[in-house]
Amino acid sequence: MANPLAAGGKSFLQAMSTVTEEAAVPLRVVQMEGLAVLKIIKRCEEFAPALVTGQLLGLDVGSVLEVTNCFPFPIREDDEEADADGANYQLEMMRCLREVNVDNNTVGWYQSCLLGSFQTVELIETFMNYQENIRRCVCIVYDPSRSSQGVLALKALKLTDSFMDLYRNNGLTGEKLREKKLSWVDIFEEIPIKVSNSALVSAFMKELEPESPVSQCDFDRLKLSTAPFMERNLEFMIGCMDGLSSEQNKFQYYYRNLGRQQSQQQAWLQKRRQENMSRKAAGEEPLPEEDPSNPIFKPLPEPSRLEGYLVTNQISSYCNHINGVAGQSFNRLYLMKALQED
């Protein structure tokens, strides 16, 4: 999958961004044109299960972020030449859109995902790169696999301000997180999406509406089997549980080393104090009780908790998916039972 902000991507944003200051009004809603939504869905569905990305264009108006258009990024191999080509492609697309008088202000990017597995370190880094120049940007995430179950799996995400401050200052340690009272649910903030169309488009869609309200899609909703979807969610969740266990092992190893180091420090200090007592009795100057050159006084780096937070967030997402699908399945089963009894 092509990285939206690789190599030359940062200079592209600096050239195209028109937002220089953070707006005082918080972002309340993302208003998307129906055409932009259809473009995103079409692109993601065509290349599924491969992951695709693209640029969002629009306007930032008060508490509303308007997404009026979008265009896809080319799918290339991840290397330096591809990154440079991708940046040139974006610049050329923006120039062409500007020539035909189409909104060409960057307001974020969109990407596809598989069963909601989008919460990664790469997404965090992309957000931070975008927000260096565009403070109010969002990521539109579309999940084709969930949409096939009858749900429009489209969501708008942004990073919370508290998390961004800690991430910039490399403060994702246990002490800093406890001080800021930041938990794994405080990384992403979901912004409500409102799909809007012009009056002319709405009237045209009304004309295209079929006379019969029942279609094959409506009958598909009555399927009782959800085994494939449930199985894949469970498989992904088990993988996340293994990842969470690995993260916990890292911290257990860190705390074991920390306890061992503290024991060595106490033993060294006790020995030094006894030595100083002997030197004092002999009329000699005492030695300092701390020796910075000694390896046991070198602080151990604490592992970042970002991976653990993201994995926990992802597990919660899978649990919500399973809960929702299971609830719908029970409703259909009770409906079929009632029909058979009648």
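# A guided tour of the model

Start by selecting V201, which sits in helix α8 (residues 199–208). Helices here are DSSP runs of H or I with at least four residues, strands are runs of E with at least two, and both are numbered from the N terminus. V201 is partly exposed, with a relative accessibility of 37%. On this scale, buried means under 20% relative accessible area, exposed means over 50%, and partly exposed lies in between (1.4 Å probe, protein chains only). Now add L35 to the selection: V201 and L35 are 166 residues apart in sequence, yet their C-alpha atoms are 9.8 Å apart in space.

Before moving on, note that this is a predicted model, in which local features need pLDDT of at least 70, side-chain atom pairs count only at pLDDT 80 or more, and totals for chains, interfaces and linings use all residues. Residues are numbered from 1 along each chain as its sequence is written, and side-chain values use heavy atoms, with hydrogens and water left out.

**Zoom out to the whole chain**

Show the full chain and you will find 11 helices and eight strands. Of its 342 residues, 38% are buried. The chain exposes about 20,500 Å², with carbon and sulfur atoms supplying 54% of that area; accessible areas come from the Shrake-Rupley method with a 1.4 Å probe, and for residues only the protein chains shown count as cover. Among contacts (heavy atoms within 4.5 Å) with a separation of 6 or more, 77% are between residues 24 or more positions apart.

**Colour by confidence**

Next, colour by pLDDT, the predictor's confidence in each residue, from 0 to 100. The chain average is 78, and 83% of the residues score at least 70. Which elements have the lowest and highest mean pLDDT? Helix α1 (residues 9–16) is the lowest at 48, and β5 is the highest at 91. Select residues 6–13, where pLDDT stays under 50 and the model has 21 contacts beyond four places in sequence. Then try residues 15–23: pLDDT is below 50 here as well, and the stretch has 12 contacts beyond near neighbours in sequence.

**Go inside to the largest core**

Select I124, F127, L159, F163, I187 and F188. In the largest nonpolar core, which has 31 residues, these touch the most other members. A nonpolar core is a set of buried Ala, Val, Leu, Ile, Met, Phe, Trp, Tyr and Cys residues joined through side-chain atoms within 4.5 Å. Elements giving two or more residues to this core are α3 (80–99), α4 (121–131), β5 (138–142), β6 (154–159), α6 (161–168) and α11 (306–341). Helix α4 gives the largest share, six residues. Where does this core lie relative to domain 1 and domain 2? It lies between them, because domain 1 (25–159 + 192–223) and domain 2 (237–341) both give residues to it; the domain bounds come from an automatic or database domain assignment.

Centre on F163 and look around. Leaving out residues up to four places away in sequence, F163 touches I124, L172, L182, D186, I187 and L306. Apart from this core lies another, of 21 residues, including A36, I40, V67 and V138.

Now select α4 as a whole. Eight of its 11 residues are buried, so α4 is largely enclosed by the rest of the structure. The buried ones are V121, L123, I124, T126, F127, M128, Y130 and Q131.

One more stop inside is N313, in helix α11. N313 is buried, at 11% relative accessibility. Beyond residues up to four places away in sequence, N313 touches Q119, W184, I187 and F188.

**Finish with charged pairs**

Side chains of opposite charge can pair when their charged atoms come close. The structure holds eight salt bridges, each a side-chain nitrogen of Lys or Arg within 4 Å of a carboxyl oxygen of Asp or Glu. Here are three to select:

- **K42 and E46:** their side chains meet in a salt bridge at 2.6 Å, N to O. K42 and E46 are four residues apart in helix α2 (residues 34–47), about one helical turn. K42 is exposed, at 52% relative accessibility.
- **E92 and R95:** the closest N and O atoms of this salt bridge are 2.2 Å apart. E92 and R95 lie three residues apart in helix α3, about one turn of the helix. E92 is partly exposed at 39%, and R95 is partly exposed at 31%.
- **R272 and E275:** this salt bridge spans 3.8 Å, N to O. R272 and E275 are three residues apart in helix α10 (residues 227–281), about one helical turn. R272 is buried at 15% relative accessibility, whereas E275 is partly exposed at 35%.
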